[in-house]
Protein chains: 2
Amino acid sequence: MMKRTIISAAVALLSGFAVSQAAVASEPIQPIKPPANINLGMVELGKKLYFDPRLSKSGFISCNSCHNLSMGGTDNIPTSIGDKWQQGPINAPTVLNSSLNVAQFWDGRAADLKAQAGGPIANPGEMAFTHTLAINVLESIPGYVREFKQVFGKDKITIEEVTLAIAEFEKTLVTPNSRFDQWLLGKKDALTKTEMEGYTLFKDSGCIACHNGEAVGGNSFQKMGLVEPYKGNTKGVEGRVAVTGKDADRFNFKVPTLRNVEMTYPYFHDGAANTLTEAVDIMGRLQLGKKFTKDENAKIVAFLKTLTGDQPNFTLPVLPPSTDSTPRPTPFDKK
Amino acid sequence: MMKRTIISAAVALLSGFAVSQAAVASEPIQPIKPPANINLGMVELGKKLYFDPRLSKSGFISCNSCHNLSMGGTDNIPTSIGDKWQQGPINAPTVLNSSLNVAQFWDGRAADLKAQAGGPIANPGEMAFTHTLAINVLESIPGYVREFKQVFGKDKITIEEVTLAIAEFEKTLVTPNSRFDQWLLGKKDALTKTEMEGYTLFKDSGCIACHNGEAVGGNSFQKMGLVEPYKGNTKGVEGRVAVTGKDADRFNFKVPTLRNVEMTYPYFHDGAANTLTEAVDIMGRLQLGKKFTKDENAKIVAFLKTLTGDQPNFTLPVLPPSTDSTPRPTPFDKK
């Protein structure tokens, strides 16, 4: 009796597993895989650098300022605030699951996270520093010198190691275990009826054509305003054409991930859509030529909110202190 | 034999305890006590509020921006950056061990942490918000409404509960277990010979007259420039007189804590001293009429660095997301 129960349970488990594997395989969205091949020493170093405002001219802005890990990996404002309160040209994309992107930045001008990480440090409108000055700061801090040596086995710090470490930390910032992923992995009651209907609408209406795969986006470039032109704050921002030089790539942007989209408001490359309702409505009309009813829109939004996964969970890093020889930040012009 | 060994050990332990208790009692600096009577639910809520930039007009500045818990509870710049990159008038004091202060702010205008917490939110030069607007934001976020209800048992959120929660979190930000405290508590080899000599100099020269007690400061107001006048950036900052109206309190400031002073550079109310060496030299001359030799200065600095304690150790909070009805931040003027 006991033995039979166990065997039955095992069979049920195996067949359940087979079913859910088949279900996953046939869905155009895939569950997020926990990161593999992670160098933990590099992650710990990268985490410190990610939180260190001494990589900016002012000593006030860190990676986490605009890609805030308490707030879905973004800053929740339309365009970011840079050195001296400069207004950025574009919405800060979330760092969460960014390792899954085909390329980095809205126009894909960085091939990977490592290539991205050096950008904001040296951008005069963002952290407004230079790679050389950032290295001078790090090399003056014994706590960093030791940790770089431990991780990379070298006495000298270069921007190469800095960006490698930041990228390694960012690779850990995936958000598995969303209710939608639980459903994909076989927990059939993980979604409500409304959410399931929203997912069906999302697929049947064509949203899925661009928002698919592990990140539910992030894997292609598409024209913003395919059916109807987009009337947003596109001043000076032209998308992918800036990288390829091809006129066909004008207003092409990387399709953003929809993972954790409940947390990454406001939406679009210009942050012009404040709510998911608004974003779904605009996307339907401009990209699909489809006007969702209020009920359809609400169902799609309900589905989108099931994509919120486990947020990064780690201890706030404590940064090694500067020393007498550390160059001091210059937040204000001398008077 | 066995029994005798145990008894001897116990006697040794007891007498060692008696000695170290006596030592502690006779020293003018006391070890930091871990916080008691802490409401953990309130702490968790306060931690979220402390990290939430939605308490600012711009949505960009949180308590942690200027009292950064990765950097000794301060921002490590001479004076802070406020809304629209305004330059603050005074150095951001560390939040670490601030529960031990006689009062809050350099001029002591807030009686306690709760009274302090509301200040920067509504200060036009800092977070530039109003208490009413901050409450409107919080009340629009179901995650906060639930948590306030759980902690305070009320449906309505007021600035009272907000500042109570932030203050409760701040009470946990003490830094016990510095090497100096280990020495005070009986670990006689916790300090080097140089550090011990520095402590002796610190006492014999008179530094201890103001920097004493559990926080090694923070418990009195003193005139900056007692023997010689202070020639710093004191423009518009007059200290305690702004609170008491008494001319005798002009340029009187709260004596800062020296706990974690290695991490809380730059020094003084105007952040004008970049290094501990400089700060010790200026303090000796201006407050004590004493010019420390290079060797004496180095010994005192070595002692001061033994005051770095265990830094706050907690998981970065994840903030409950805004909803469609949450008022959006206004970082930039409309164009």
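Reader: How many salt bridges does a search of the whole structure find over all chains?

Author: The search finds 48, a salt bridge being a side-chain nitrogen of Lys or Arg within 4 Å of a carboxyl oxygen of Asp or Glu. Please note that this is a predicted model, where local features need pLDDT of at least 70, side-chain atom pairs count only at pLDDT 80 or more, and totals for chains, interfaces and linings use all residues. Residues are numbered from 1 along each chain, chains are lettered from A, and side-chain values use heavy atoms, without hydrogens and water.

Reader: What makes A:K154 and A:E161 a salt bridge?

Author: Their closest N and O atoms are 2.8 Å apart, and the cut-off is 4 Å, so the pair qualifies.

Reader: Why is A:E161 called buried or exposed?

Author: Buried means under 20% relative accessible area, exposed over 50%, and partly exposed in between (1.4 Å probe, protein chains only). A:E161 has 4% relative accessibility, so A:E161 counts as buried. Its partner A:K154, at 43%, is therefore partly exposed.

Reader: How do you know that A:K299 and A:D295 form a salt bridge, and where do they lie?

Author: Their side chains meet at 3.2 Å, N to O. Both lie in helix α12 (residues 294-304) of chain A, 4 residues apart, about one turn of the helix; helices are DSSP runs (H or I) of at least four residues, numbered from the N terminus. A:K299 has a relative accessible area of 18%, so A:K299 is buried, while A:D295, at 45%, is partly exposed.

Reader: Which residues are linked with them in a network of salt bridges?

Author: A:K193 and A:E197 are linked with A:D295 and A:K299 in that network.

Notes:
Helix = DSSP H or I, 4+ residues; strand = E, 2+ residues; numbered from the N terminus.
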